[in-house]
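Trainee: I would like to take a close look at one part of this protein, the place where its ligand sits. Could you walk me through the surroundings of the ligand and then out into the rest of the chain?

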Amino acid sequence: MGIEVVVEGLTKSFGRQNIWQDVSLTLPAGEVSVMLGPSGTGKTVFLKSIIGLLKPEKGRVLINGVDMVNSPEREIMETRKLFGLMFQDGALFGSMSLFDNIAFPLREHTRKSESEIRRIVMERIDIVGLLGAEGKLPGEISGGMRKRAGLARALVLDPQIILCDEPDSGLDPVRTAYLSQLLIDLNAQIDATMLIVTHNLDIAATVPDNMGMLFCRNLVTFGPREVLLTSDMPVVSQFLAGRREGPIGMSEEKDAATLAAEQTNGHGHAAGPRTVVPQLEPSPGMPVRQAALRRRERVVSMMGQLPEAARTAIMNSYTPTLDGGRR
Ligand SMILES: Nc1ncnc2c1ncn2[C@@H]1O[C@H](COP(=O)(O)OP(=O)(O)OP(=O)(O)O)[C@@H](O)[C@H]1O
Ligand SMILES: [Mg+2]
């Protein structure tokens with residue numbers, strides 16, 4: 001089962017530029033979470049801080065009792081082995097075949113035999129649907145295939161925590177839909193804790209158990225997917241609707257005068273209540289997603305603290321339909 005990641009009061013700056021402050025959230029063990037946020041709000045910096053590649057000035061990131069910010073580097077390195085990381089740009093070595101790229105972490109971090117490595121690599125290549133392409137160079141395949149190769153490489157060390165930085169960037173809508181299903185199937189198979197950074201509204205609406213958003217140097221919200229999907233906070237509804245009207249401007253937040261002008265022009269109000277589409281289920285033949293069962297108990301126990309709209313959406317999603325399935 002995946003491992004819980006507890007983030008407490010995290011603050012990160014580069015020189016005098018504060019990226020975000022006092023970010024606290026818990027990624028529940030084995031569940032899938034999505035982090036949204038306009039470009040430049042520090043999502044990639046957040047992922048790098050979780051695995052200890054960047055050092056926030058304040059706060060803690062606790063994984064199995066190890067603080068990825070302040071613990072001795074040796075413990076951080078050891079804990080980093082629990083992670084699979086899929087970079088925003090794929091980050092494959094251009095001169096190596098896909099096979100060698102995907103085998104790289106195994107050759108680097110384990111003493112496994114070549115035949116064992118071959119077995120593991122081919123299995124991961126199969127999972128991401130790249131069988132037959134293992135001999136190709138990254139430059140010889142499409143962007144979508146490179147993305148999937150990056151995911152296969154993130155999986156070879158049997159990660160218990162998977163971080164994906166914009167796994168959908170550069171993918172067409174159909175491939176993005178396949179990727180969404182792949183992430184859910186993967187979660188059903190390995191029960192790893194997953195955090196996905198994305199701008200893609202379809203992924204946000206259908207994949208995660210939990211969702212958060214970074215904006216304006218703060219974590220706007222983090223919690224069960226229904227909370228964000230039904231939120232009437234202007235920044236959230238603007239982002240989810242992909243509208244120009246609202247607090248998000250071209251280079252982060254808009255000034256007060258522009259916002260006020262929008263309000264008087266009648267553009268400021270949020271569009272009516274949004275419908276929450278059902279979360280993806282694992283493909284037929286996949287195991288039951290254990291995280292979904294745990295999540296159900298967890299979310300039902302916190303119902304009292306959730307906004308009305310989120311409660312209704314959660315109740316609807318857990319109401320059996322006539323055919324016996326979930327809606
Ligand atoms: N190593 C670094 N040194 C200095 N500044 C940095 C560094 N890494 C990131 N930044 C700054 O931190 C801010 C957040 O960057 P980050 O890459 O995390 O944004 P993001 O939310 O991932 O954006 P996008 O959606 O475009 O990928 C940016 O202003 C960036 O210039
Ligand atoms: Mg980024």
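Mentor: Happy to; we will start at the ligand, move to the sheet and helix beside it, and end with a few other spots along the chain. Please keep in mind that this is a predicted model.

Let us begin with the shell. Ligand 1 is surrounded by 13 residues, and the closest are Ser-39, Gly-40, Lys-43, Thr-44 and Val-45. If you sort the shell by character, you find three nonpolar, eight polar and two charged residues. Helix H1, which runs over 43-50, and strand E2 each supply at least two residues of this shell. H1 gives the largest share, with three residues.

Now look at some individual distances. In the side chain of Ser-39, an N or O atom is 2.9 Å from an oxygen atom of ligand 1. Gly-40 takes part through its backbone, where an N or O atom lies 2.8 Å from an oxygen atom of the ligand. From another position in the sequence comes His-199, with an N or O atom of its side chain 3.0 Å from an oxygen atom of ligand 1. On its own, ligand 1 has 640 Å² of accessible area, and the protein covers 62% of that.

Strand E2 deserves a second look, since it belongs to an open sheet. Four strands make up this sheet, in the order E2-E1-E4-E5, with antiparallel pairing. Strand E2 (17-27) and strand E5 (66-67) are at the edges with a single partner strand each, so one side of each has no neighbour in the sheet. The partner of E2 is E1 (residues 5-14), and the two pair in the antiparallel sense over seven bridges. One of the bridge pairs to find on your screen is Phe-14 with Gln-17, the latter in E2.

E2 and H1 also meet through their side chains. There are two aromatic pairs in the model. One of them joins Trp-20 and Phe-46 edge-to-face, at 5.7 Å centre to centre and with 80° between the planes. Trp-20 lies in strand E2 and Phe-46 in helix H1, so this pair ties together parts that are 26 residues apart in sequence. Both Trp-20 and Phe-46 are buried.

Phe-93 and Phe-104 form an aromatic pair as well, but a tilted one, 4.9 Å centre to centre with 55° between the planes. Phe-93 sits in the loop between strand E6 (83-86) and helix H3 (98-109), while Phe-104 is in helix H3, 11 residues apart. Here the rings belong to partly exposed residues: Phe-93 has a relative accessible area of 35%, and Phe-104 has 27%.

Next, find Arg-124 in helix H4 (residues 114-127). You might expect a charged residue to be on the outside, so check its accessibility. Arg-124 has 7% relative accessibility and therefore counts as buried, the cut-off being under 20%. Its side chain makes a polar contact with the side chain of Asp-158, at 2.6 Å.

Our last stop is Pro-208, in the loop between helix H7 (201-206) and strand E9 (210-215). Although Pro-208 is in a loop, it is buried, with a relative accessible area of 0%. Try locating Pro-224 too: Pro-208 and Pro-224 are 16 residues apart in sequence, and their C-alpha atoms are 8.6 Å apart in space.

Note on methods
Residues numbered from 1 in each chain as written. Chains lettered and ligands numbered in written order. Predicted model: local features only at pLDDT ≥ 70, side-chain atom pairs only at ≥ 80, totals over all residues. Heavy atoms only, no water. Pairing = 2+ DSSP bridges. Near = heavy atom within 4 Å. Polar contact = N/O pair within 3.5 Å; in protein donor to acceptor, adjacent residues only side chain to side chain. Areas by Shrake-Rupley, 256 points an atom, 1.4 Å probe, with all protein chains shown as cover. Nonpolar A, V, L, I, M, F, W, Y, C, P; charged D, E, K, R; others polar. Phe/Tyr/Trp six-rings, centres within 6.5 Å; stacked < 30°, edge-to-face > 60°. Buried < 20%, exposed > 50% of the residue type's maximum accessible area, 1.4 Å probe, protein only.
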